[in-house]
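Work through the exercises below with the model open beside you. Try each task before you read its solution.

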Amino acid sequence: MRPTVIRQSHGAALSPAAGGATPFAWEQVGRELGITPGGTVNIAQLTVDRHAASARGDQPAFRSVNADGGRRSLTYRELARLTDRFGNALKSLGVGKGDCVFVLCGRRCELYVAVLGALKVGAVVSPLFPAFGPEPIRNRMTQANGKVLVTTASAYRRKVAPIRAELPALQHVVLVDDLGAGAMPETHDWEALLQAAAEAPALVATSADDPALLHFTSGTTGMPKGALHVHGAILTHYATARLALDLRPDDVFWCTADPGWVTGMSYGIVAPLAVGVTSIVDEAEFDAVRWLSILESEGVNVWYTAPTAIRMLMKAGPPLFAGRRFPALRFVASVGEPLNAQAVWWGVDTLGLPIHDTWWQTETGGIMVANAVTDDIKPGSMGRPLPGIVARVVRQRAGETREVIETPDTVGELALEAGWPSMFRAYLGQPERYGKCFAGKLYLSGDLVRRDADGYYWFVGRRDDVIKSAGHLIGPFEVESVLMEHPAVAEAGVIGKPDALAGEAIKAFLTLRRDVAPSEALRMELLAHARRRLGAAVAPKEIAFAECLPHTRSGKIMRRLLKARELGLPEGDSSTLE
Ligand code: WT7
């Protein structure tokens, strides 16, 4: 039998701000970052220029490893120069404070320069996941009036050029890999643009409350919501990098998440640069052997990854680990889905270190609950709220009112006291939806949890029907909408079906129009249609035809019932559903 608690004895590198019982002093975090009261707060300045001007200037900010094992480093000083150039290039294109710059490309040097250069001039950056198809791209760029898109020639040709006429706000497309020859019409060449730009400091004064990042996230109903984050969020990123990831300035850090999602942005870019570490960037896709080699040969000290990846490594089996040692590795953490106790112990057995679960969401912008550096670990638990974060478990009473549950081990919704620096400030253009996330001063997370008598939180499930596949949140509505575009489809209900590796796999139930007969050929055609429109990350893996779909009294499809049937579970009493 494994013990239920792993005692942690190592001394932690906590900042003095983490003052135990005394209230957490965010001002102190700001001082550590060099922020002066009333002065500019700009993520690019604090993560890049600040280090470039210091003794850290010649340290690599990023060290990327490409598919062939080739490496390329970018020092803080080089990054400062390139982001100044790109920032000035954006200015020359008429981009200013508040304009939205989208990025759609793989994990390559230009992506990091584009993100940080745009932040430098006060633009709002929104990343798109490279595995998105044209529909998720169109949807997000339209909602945010994207003015500039930084992408690759092939992504542009396949996914954006066909819909460009539907994006009237899009004024400039910058292609990072078009070497000038055969340039596509109505696009800019990255290299030429940078060459022509001045190298003078491009920084535009921004304040802690100015918008910086826009991350789209999915709900059960309606299209994805753009969660808007501000420059001041960096206080959370910096503090949590220290408290929850144990990052120290000389570390080699590897966050495996793609910057197309909030984890890759907050902890692949902002947090590590704020501390001043060297981040490893793997340009290739997941491969178990390759990942272990990177951990080993790049001398990774701190590793932040996801349960899906851990499950894939576990599946690859012990032979893969034979003879491998990770002497540099000091701290391992994961996020995005439940991390079960076996996975924590797998870390102990194979890496020599337990895996620290952390919890947060797109809306929280940074880690809120964690098995922090100094805490004992309870395998299977998400840990405790970090310093500066006040968490509650709440139960909904009749109507809109919420009641705080104090009794340990009682299931309720995880809520957080509003006001931490990286809290989202809006759902773009949807104030009512934003308002619904709050009850008084509490932000309601939509996750069901229980808190034990020691204050550790345990994940129970989601309140809504969103799907978590390979760590990515997918809104069933977005998938259903694309399926229903197809002339053969009458209705669609999309659910997450348990999957040994991805956590959940996307499955669609369809009814067909009266004159259409189900067939294998049609199923394949619909799978292909969804994949073409949505991209591999969002498209269903499985489609089933049904005679009819279950509805609530108000006519909504009851995905919960579809899921219960799929799992062979009791359907429960659905008579009270509106
Ligand atoms: C949802 C947020 C995680 C940040 C990036 C993704 C689930 C997150 C855990 C965890 C169980 C977790 C929750 C949450 N989730 N961390 N440690 N244990 N579930 O952010 O795409 O907005 O997803 O991911 O359901 O609400 P996101």
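A salt bridge is a side-chain nitrogen of Lys or Arg within 4 Å of a carboxyl oxygen of Asp or Glu. The model is predicted: local features need pLDDT of at least 70, side-chain atom pairs count only at pLDDT 80 or more, and totals for chains, interfaces and linings use all residues. Residues are numbered from 1 along each chain as its sequence is written, and side-chain values use heavy atoms, with hydrogens and water left out.

**Exercise 1.** Find the salt bridge between Arg533 and Glu485 and place both residues.

Step 1. Check the distance. The N to O separation is 2.9 Å.

Step 2. Locate the partners. Helices (H or I, at least four residues) and strands (E, at least two) are DSSP runs, numbered from the N terminus. Arg533 sits in helix H15 (residues 520-534) and Glu485 in helix H14 (residues 476-485), so the pair ties together parts that are 48 residues apart in sequence.

Step 3. Widen the view. Salt bridges with shared partners link Glu135, Arg138, Glu166, Glu485 and Arg533 into one network.

Step 4. Judge exposure. Buried means under 20% relative accessible area, exposed over 50%, partly exposed in between (1.4 Å probe, protein chains only). Arg533 has 23% and is partly exposed. Glu485 has 40% and is partly exposed.

**Exercise 2.** Is Glu298, the salt-bridge partner of Arg63, buried or exposed?

Step 1. Confirm the bridge. The closest N and O atoms of Arg63 and Glu298 are 3.0 Å apart.

Step 2. Trace the chain. Arg63 belongs to strand E1 (residues 60-65), and Glu298 to the loop between helix H10 (288-297) and strand E12 (302-305), so the bridge ties together parts 235 residues apart in sequence.

Step 3. Read the areas. Glu298 has 6% relative accessibility, so Glu298 counts as buried. Arg63 is buried too, at 17%.

**Exercise 3.** Which residues are closest to the ligand, and which polar atoms face it?

Step 1. List the neighbours. A residue is near a molecule if one of its heavy atoms lies within 4 Å of it. The ligand is surrounded by 19 residues, the closest being Asp357, Thr358, Thr362, Arg462 and Lys468.

Step 2. Pick out polar atoms. A backbone N or O atom of Thr358 is 2.7 Å from a ligand nitrogen atom. A polar side-chain atom of Arg462 is 2.7 Å from a ligand oxygen atom.

Step 3. Find the main supplier. Strand E14 (355-359) is one of the elements with at least two shell residues. E14 gives the most, with 3 residues.

How values were computed. A polar contact is a pair of N or O atoms within 3.5 Å; within protein, one must be able to donate a hydrogen and the other to accept it, and residues adjacent in sequence count only if both atoms are side-chain atoms.
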